[in-house]
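Trainee: I should like to learn how to read the features of a structural model. May we work through one together?

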Amino acid sequence: MAFGVNYDAVLSFSLRAPKNNLYGAADFCSQFATGGGREGAAGVNALPEAELQELITATANKYG
C-alpha cells in the first residue's frame, strides 16, 4: 500500500493485492467514496483524513 497527501490534507492510496491472491483489490477500495480499480491493483483518489483509521482497520481485517 502506498499513500500520498495533497495540500488539502486529503489522502490518496494505492493497493496491490498479494501475488498469491490477485483478487479483491477493486472491491476493497470501492467501499470508499472515490475508490475503485482492477482486481489486482486499485486505490482511492481522495480519502478524508478522518477515514484513515477506518482504512487501517479494513486493511487489517482483509489482509491481516
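**Reading helix 2 and its surroundings**

Mentor: Let us begin with burial in helix 2, bearing in mind that the model is predicted. Leu55, Ala58 and Thr59 are the buried residues to note in this helix.

Trainee: Why do the buried residues of helix 2 line one face of the helix?

Mentor: The general idea is that an α-helix has 3.6 residues a turn, so residues three or four places apart point the same way. In the present case, the buried residues of helix 2 lie within an arc of 100° when viewed down its axis, and therefore they line one face.

Trainee: Which exposed residues does the face turned away from the buried side of helix 2 carry?

Mentor: That face carries Gln53 and Asn61, both exposed. As for its dimensions, helix 2 comprises 12 residues, 52–63, and spans 16 Å from first to last C-alpha, close to the 16 Å expected at 1.5 Å a residue.

Trainee: Which residues of the largest nonpolar core touch the most other members?

Mentor: They are Phe28 and Cys29, in a core of 13 residues. At least two residues of this core come from each of strand 2 (10–16), helix 1 (25–30), strand 4 (41–48) and helix 2. Phe28 also illustrates how to read contacts: once neighbours within four places in sequence are set aside, Phe28 is in contact with Leu15, Leu55, Ala58, Thr59 and Lys62. Among these partners, Leu55, Ala58 and Thr59 are the buried residues of helix 2 named earlier.

Trainee: How should I read a strand, and with which strands does strand 4 pair?

Mentor: In a regular strand the side chains alternate between the two faces of the sheet. Here, strand 4 pairs with strand 2 in the antiparallel sense over 6 bridges, and strand 3 (residues 35–37) is joined to strand 4 by 3 bridges, also antiparallel. Ala42 in strand 4 stands opposite Leu15, and Ala42 is also the bridge partner of Gly37. The connection from strand 3 to strand 4 is a hairpin of 3 residues.

Trainee: Is Val44 buried or exposed?

Mentor: Val44, whose place is in strand 4, has a relative accessible area of 2%; because buried means under 20%, Val44 is buried. Apart from neighbours within four places in sequence, its contacts are Ser12, Phe13, Cys29, Phe32, Thr34 and Gly35.

Trainee: How far apart are the C-alpha atoms of Val44 and Ser30?

Mentor: They are separated by 7.9 Å, although the two residues are 14 residues apart along the chain.

Notes: Residues are numbered from 1 along each chain as its sequence is written. This is a predicted model: local features need pLDDT of at least 70, side-chain atom pairs count only at pLDDT 80 or more; totals for chains, interfaces and linings use all residues. Side-chain values use heavy atoms; hydrogens and water are left out. Helices (H or I, at least four residues) and strands (E, at least two) are DSSP runs, numbered from the N terminus. The expected span of a helix is 1.5 Å times one less than its number of residues. Buried means under 20% relative accessible area, exposed over 50%, partly exposed in between (1.4 Å probe, protein chains only). The arc is that of the directions from the helix axis to the C-beta atoms. A nonpolar core is a set of buried Ala, Val, Leu, Ile, Met, Phe, Trp, Tyr and Cys residues joined through side-chain atoms within 4.5 Å. Contact means heavy atoms within 4.5 Å. Two strands pair if DSSP finds at least two bridges between them.
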